[in-house]
Amino acid sequence: GVLKVPASFISGGEPLHELRGTLMLLADSGFSDEEALHWLTTEEDSLGVAPIEALRSGRKAEVRRVAQALAF
């Protein structure tokens, strides 16, 4: 029953700034919280890494383009 945040979602003791918009985009695309968490932490073929790792490496626009395409 205790909620936990993956360490990869934290940077400098704060939530990764790029997560907010990405999570909102996923929610607007119909993803549940669990589905969004799974998508962010599972390797995405078009990115070559998990989306959270791409976000951490500065590929925010690319991650969001892929996430947006999932809605169609």
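Start by selecting helix 1 and helix 2: they pack at an angle of about 125°, and their axes lie 10 Å apart. Angles that are neither under 35 degrees, over 145, nor 65 to 115 count as oblique, so helix 1 is oblique to helix 2. The crossing of the two helices is right-handed. Keep in mind that this is a predicted model.

Next, show the side chains at the crossing. From helix 1, pick Leu-19, Thr-22, Leu-23 and Leu-26. From helix 2, pick Ala-36, Trp-39 and Leu-40. These residues make the contact. Colour them by class: six are nonpolar, one is polar and none is charged.

Now stay on helix 1, residues 19-28. Which of its residues are buried? Select Leu-19, Thr-22, Leu-25 and Leu-26. Turn the view to look down the helix axis. The buried residues fall within an arc of 130°, so they line one face of helix 1. The spacing has a general background: an α-helix has 3.6 residues a turn, so residues three or four places apart point the same way.

What do the buried residues of helix 1 pack against? Add helix 2 (33-41), helix 3 (51-56) and helix 4 (60-70) to the selection; the buried residues pack against these helices.

Rotate to the other side of helix 1. Arg-20 and Asp-28 are exposed there.

Finally, step just past the end of helix 1. Select Gly-30, which takes a positive phi of about 95°.

Methods
Residues are numbered from 1 along each chain as its sequence is written. This is a predicted model: local features need pLDDT of at least 70, side-chain atom pairs count only at pLDDT 80 or more; totals for chains, interfaces and linings use all residues. Side-chain values use heavy atoms; hydrogens and water are left out. Buried means under 20% relative accessible area, exposed over 50%, partly exposed in between (1.4 Å probe, protein chains only). Helices (H or I, at least four residues) and strands (E, at least two) are DSSP runs, numbered from the N terminus. The arc is that of the directions from the helix axis to the C-beta atoms. Contact means heavy atoms within 4.5 Å. Axes are lines fitted to C-alpha atoms, for helices over the stretch in contact, and angles run from 0 to 180 degrees between N-to-C directions. A crossing is left-handed if the near helix is turned anticlockwise from the far one by less than a right angle, and right-handed if clockwise. Ala, Val, Leu, Ile, Met, Phe, Trp, Tyr, Cys and Pro count as nonpolar, Asp, Glu, Lys and Arg as charged, and the others, Gly among them, as polar.
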